[in-house]
Structures are given as structure tokens and as C-alpha cells.
Amino acid sequence: MEYTGSQYIGEFVDGRMEGEAEYILPTETKYVGEMKDGMFHGQGTLYFPSGSRYDAIWEKGLVVKVSLNSPTWTRLEKSLQAVTTAEMASITRPRGS
């Protein structure tokens with residue numbers, strides 16, 4: 001997954017991002033939560049520069065359950081686009097592809 005200009009703060013397992021982590025996208029959207037095999041996986045929150053947040057349960061980079069307390073959006077249309085961008089950024093390609 002590494003988006004150009006992104007920053008990862010966390011552990012690696014077999015060269016892949018895994019465990020509790022922070023992942024900051026070039027858009028300054030920040031993911032804080034669990035990673036597995038280089039993808040958002042488990043409980044995690046996206047924090048947007050606008051102050052909005054998106055709390056969810058992730059599975060292999062995709063949202064499978066949204067928290068009842070989320071989303072709290074300040075700009076709905078831009079935040080939904082950012083969620084899509086973040087989900088796409090969390091999907092890794094196997095090595096050699």
C-alpha cells in the first residue's frame with residue numbers, strides 16, 4: 001500500500017504493515033487503528049483535516065461495520081470521497097504484480 005507522500009507509524013511483520021498503527025495520507029487524512037497484511041483491518045478511525053471522523057470495523061481494507069457514533073461529517077460529499085480514497089489506499093497488491 002504505500003501512497004507516495006504518506007507516512008506510516010507502526011510495526012511491520014514480514015515486511016508488511018501490521019498491528020496498531022497510524023497511517024497519514026498525503027491529503028492529511030489520518031487512519032488510527034489496526035492493520036493486518038498491509039491493510040486497514042480491525043477497529044480503526046479515519047480523521048479528516050476538516051475535523052470529521054469515521055469510526056469503523058475494517059476487513060481487508062474495506063469497511064464492514066460503521067460505528068453508531070460515526071460518521072460525524074462537516075462536509076459530507078468531500079468526506080465520502082476521502083473514505084473511498086482511504087479504502088483504495090489500504091488495498092495492497094501482492095508482490096510481483
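These notebook entries record what I looked up in the structure.

**Entry 1. Overall make-up.** I note at the outset that the model is predicted. I listed the secondary structure and found six strands and one helix in the protein chain. Read from the N terminus, the order of the elements is β-β-β-β-β-β-α. I then looked up burial: of the 97 residues in the protein chain, 36% are buried. The accessible surface of the chain is about 6,100 Å², and carbon and sulfur atoms account for 50% of that area. I also checked how contacts are spread along the sequence. Of those between residues at least 6 apart, 23% join residues at least 24 apart.

**Entry 2. Strands 3 and 4.** I examined the pairing of strand 3 with strand 4, the latter covering residues 39-47. The two run antiparallel and are joined by six bridges. As one position in this pairing, I recorded Tyr31, whose bridge partner in strand 4 is Leu46. Strand 3 and strand 4 form a hairpin with two residues between the strands. In this hairpin I found Asp37 with a positive phi near 55°.

**Entry 3. Strands 4 and 5.** I next followed strand 4 to its pairing with strand 5, which is antiparallel and has six bridges. Here I recorded Thr45, which has Asp55 as its bridge partner in strand 5. This hairpin has five residues between its strands. In its turn, Gly51 has a positive phi of about 105°.

**Entry 4. Positive phi in loops.** I kept a general expectation in mind: most residues other than glycine have a negative phi. Against that background I looked up two loop residues.

Which loop holds Glu28? I placed Glu28 between strand 2 (16-24) and strand 3 (30-36). Its phi is near 75°, a positive value in a residue that is not glycine. Is Glu28 buried or exposed? I found a relative accessibility of 60% for Glu28, and because exposed means over 50%, the residue counts as exposed.

Where does Lys60 lie? I located Lys60 in the loop between strand 5 (53-59) and strand 6 (62-66). Lys60 is not a glycine, yet its phi is positive, at about 50°. The relative accessible area of Lys60 is 56%, so I entered this residue as exposed too.

**Entry 5. Summary of the two loop residues.** I closed with a short record. Glu28 combines a positive phi with an exposed position. Lys60 likewise has a positive phi and is exposed.

Terms used: Residues are numbered from 1 along each chain as its sequence is written. This is a predicted model: local features need pLDDT of at least 70, side-chain atom pairs count only at pLDDT 80 or more; totals for chains, interfaces and linings use all residues. Side-chain values use heavy atoms; hydrogens and water are left out. Helices (H or I, at least four residues) and strands (E, at least two) are DSSP runs, numbered from the N terminus. Buried means under 20% relative accessible area, exposed over 50%, partly exposed in between (1.4 Å probe, protein chains only). Contact means heavy atoms within 4.5 Å. Accessible areas come from the Shrake-Rupley method with a 1.4 Å probe; for residues, only the protein chains shown count as cover. Two strands pair if DSSP finds at least two bridges between them.
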